[in-house]
Amino acid sequence: MTKSRLLKYALLGIAAALIAHYLIEKEEKPKGHPRDYAEIAAEGIIHASTEYNSISFYVDDDTLSGFHYELIEAFARDHGLQAAISPEMSFNKRLEGLADGQYDVIAYGILATSELKDSLLLTTPIVLNKQVLVQRKLENISDSSLFIKSQLDLAGKTLHVVKGSPSILRIRNLGNEIGDTIYVEEIEKYGSEQLIALVAHGDIDYAVCDESIARTAADSIPQIDINTAISFTQFYSWGVSKQSPILLDSLNTWLDSFKKGKEYKKIYKRYYGKRN
């Protein structure tokens, strides 16, 4: 892996902060309460949070790109709104921002778990994905015992995840399935791609993230292995506050229609087509 490639991933967090400042030039939206669609329409702006990575939202030269970025922009356009996008690497902070009204929607793939269903309203499924283990390939580690060949080898190992990630519950359940403890280290200041870079560089041994992000990284970081699944393939959705049922209905109605059209198929193929 080249130093320039490592630097790219290491600086993604800084880039995210810069993009947030670029996109929202006005003062930070004051904290308040979750809004429903009528309040959003009255302001004319829908505030969305997502993660800065090569699938969801990123800068390509001078262009803003990303699967979830393009979808929320299309929703805003079709409803006569502007989309204010805030990249936030911490999953917990996205949830906090939704709860205090800083964000109207988490425009990022959220796995439906019983815990999240108690605190969020989830949209109709948007994309299929699964969680995978990211580790260095066998030829890139000095101790072969570190290489995970199957889920049984995870016993006693420490897996690094983005703080608050829904994958934590799956890892705990996986520990019960194999009859041993799998330790989890939650990282707050980094997103999935930064964790992958830390694995590649040897700073940590294992990370867990979405397969789509891992596959994109593997295209340019050949020393990582992503072949061990942590979860089954499942549907991922966006999330809104439980106090925003009309917004949920608006998003679901739009998604059900938009996903049948050519524009959605084009967007999907751009970010996922080559990997399925």
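Which side chains meet in a salt bridge at 2.6 Å, N to O? Select R136 and D205: their side chains form this pair in the predicted model. R136 belongs to strand 8 (residues 131-136), while D205 sits in the loop between helix 8 and strand 11 (207-210), so the salt bridge ties together parts that are 69 residues apart in sequence. With a relative accessibility of 10%, R136 counts as buried, whereas D205, at 28%, counts as partly exposed.

Next, select helix 8, residues 192-201. Eight of its 10 residues are buried; among them are L195, I196 and V199. Just after this helix, click on G202, which takes a positive phi of about 90°.

Move now to R77, in helix 4 (residues 67-78). The side chain of R77 meets that of D78 in a salt bridge, at 2.9 Å from N to O. R77 also forms a salt bridge with E263, where the closest N and O atoms are 3.0 Å apart. E263 lies in helix 11 (residues 262-271), and the pair links parts of the chain 186 residues apart. R77 is partly exposed, with a relative accessible area of 46%; D78, at 40%, and E263, at 34%, also count as partly exposed.

The structure holds 10 salt bridges. Select R35, E43 and D104 to view one network, joined by salt bridges that share partners.

Finally, colour the chain by pLDDT, which averages 88. Residues 1-7 stay under 50, and so do residues 20-27, for which the model has 10 contacts beyond four places in sequence.

Key
Residues numbered from 1 in each chain as written. Predicted model: local features only at pLDDT ≥ 70, side-chain atom pairs only at ≥ 80, totals over all residues. Heavy atoms only, no water. Buried < 20%, exposed > 50% of the residue type's maximum accessible area, 1.4 Å probe, protein only. Helix = DSSP H or I, 4+ residues; strand = E, 2+ residues; numbered from the N terminus. pLDDT = per-residue confidence, 0-100. Contact = heavy atoms within 4.5 Å. Salt bridge = Lys/Arg side-chain N within 4 Å of Asp/Glu carboxyl O.
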